[in-house]
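Trainee: I should like to go through this chain with you, beginning with its charged side chains. May I put my questions one at a time?

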Amino acid sequence: HTMKTNMLQQRLESLDVLRGFDLFLLVGLESVMHQLSGAIQSPSFHSFMWCFTHADWEGFSPWDLVMPLFMFMSGITIPFALSRYKNEADRFLVYKRILKRVVLLWIFGMICQGNLLGLNPERIYFYSNTLQSIAMGYLISALLFLHTSIKTQIIIAITLLMAFWGAMELITIQGYGGGNYTPDGNLAEWIDRSILGRFRDGAKIVDGLTVFHNSYRYTWILSSLNFGVTMLTGTFAGYILKAQSWKPERKLIYLFIIGVTMVAIGWIWGNWHPVIKKIWTSSMVLVSSGYCFLLMALFYYIIDYKGWNKYAKWLKVYGMNSITAYMLAMCVNFSSIGQSLLHGLKPYVGDYYQILISLSNAVVIYLILWSLYRSKIFLKV
């Protein structure tokens, strides 16, 4: 029993490190890199910054993987966290737990991006954030995990991908849809405008009419079908990682083969159904989840299989408090601390001053997370 428990803890270690890596990119590195790019006027560095920039519309950059990976890893935890509830007759407690998580993630999402802290009812946005897409994906995946078999879950995942694709291709309303994948003409855009109205991110009321932000093209409502699939693909990886009777080599082979297959199918499908992260197309789900499988395989190999985790502990500081890290980065600006301590350097460092401020911001967040980690305080939703 102890050996099994140790294996379970070990297995999750690679997940904590990978989650930490994802959050380090988002919370620690991104703003520093963008400030660095502004200070270093170098064409080669600017082209390297593609890695830290979302694709404008069609296509997929490394930075486009940060959000799907966050969701995918939430899916991996489902078989570990909810298995013990599967055979219980009275499921009230687990439903309560799922609902609590969904509601909290939703509210946190509204705090981060829904302008809830602005305290201005005219500027509250309802569905606009990564945490809310995790909430939707988690609701779909957790309920399916509790009530259906793996085979049924795979069939439902494929059905949801096809449903999104079918809706985008076959439904035409008011000039939107009908196979149109442009930012202003796709069906998902029409659905969000119609249902969310002024509660859509960036929308405001001008002379009694809702005016939408002309550069905001993320969609959420129809995309929720595919948020569920992204989370389910993580759940499938969770089944593999949790399989007690499987040898590590077998797990690695499965993760690798599934990853390569999904990436290949996604890019091939992308010729007819474009890979667009902003509207979360079905081809994008396959491409991104495929890359997530490959990353999980890589981290499982390095951390759990080879045991090279000595230098990865600093990433666990992010990974063990991922939602806290995200909320701190999105909601609290710590740059005043850097400005208070480092303002004397401004005349000497010129353009590099803003890099120092971004760096100090990242360091303050890390120190908060590190003190939580040292005190064994892990804030879970």
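Trainee: Is arginine 193 buried, partly exposed or exposed?

Mentor: This is a predicted model, in which local features need pLDDT of at least 70 and side-chain atom pairs count only at pLDDT 80 or more, while totals for chains, interfaces and linings use all residues. Residues are numbered from 1 along each chain as its sequence is written, and side-chain values use heavy atoms, with hydrogens and water left out. Buried means under 20% relative accessible area and exposed over 50%, with partly exposed in between (1.4 Å probe, protein chains only). Because its relative accessibility is 22%, arginine 193 counts as partly exposed.

Trainee: Which residue meets arginine 193 in a salt bridge?

Mentor: A salt bridge is a side-chain nitrogen of Lys or Arg within 4 Å of a carboxyl oxygen of Asp or Glu. The partner is four residues away in helix H7, so about one helical turn separates the two; helices (H or I, at least four residues) and strands (E, at least two) are DSSP runs, numbered from the N terminus. That partner is buried, at 0% relative accessibility. With an N to O distance of 2.7 Å, the residue is glutamate 189.

Trainee: Which residues are joined with these two into one network?

Mentor: Salt bridges that share partners connect Glu189 and Arg193 with Asp184, Arg200 and Arg217. Within this network, the side chains of arginine 217 and aspartate 184 meet at 2.6 Å, N to O. Arginine 217 lies in the loop between strand S4 (209–211) and helix H8 (224–242), and aspartate 184 in the loop between strand S2 (176–177) and helix H7 (187–196), so their pair ties together parts 33 residues apart in sequence. The full membership is Asp184, Glu189, Arg193, Arg200 and Arg217.

Trainee: How many residues apart are lysine 316 and glutamate 13?

Mentor: Their side chains form a salt bridge at 3.8 Å, N to O, and both residues are buried. Lysine 316 belongs to helix H11 (residues 313–319) and glutamate 13 to helix H1 (residues 2–39), so to speak distant parts of the chain, and the separation is 303 residues.

Trainee: Why is cysteine 331 not in a disulfide?

Mentor: A disulfide is a pair of cysteine sulfur atoms within 2.5 Å, and a search of the whole structure finds zero. Cysteine 331 is partly exposed, at 29% relative accessibility. The closest cysteine sulfur, in cysteine 112, is too far for a bond, at 3.8 Å.

Trainee: Which helix gives the largest share of the largest nonpolar core?

Mentor: A nonpolar core is a set of buried Ala, Val, Leu, Ile, Met, Phe, Trp, Tyr and Cys residues joined through side-chain atoms within 4.5 Å. The largest has 94 residues, and those touching the most other members include Tyr138 and Phe293. The largest share, 12 residues, comes from helix H10 (residues 282–305).

Trainee: Which residues does glutamine 132 contact, leaving aside neighbours within four places in sequence?

Mentor: Glutamine 132 lies in helix H5 (residues 130–147) and is buried, with a relative accessible area of 0%. Contact means heavy atoms within 4.5 Å. On that basis, the residues are Leu105, Trp106, Gly109, Met110, Phe126 and Tyr127.

Trainee: How many residues of helix H12 are buried?

Mentor: Helix H12 covers residues 322–331 and is mostly covered. Among its buried residues are Ser322, Tyr326 and Leu328. Of its 10 residues, the number buried is seven.
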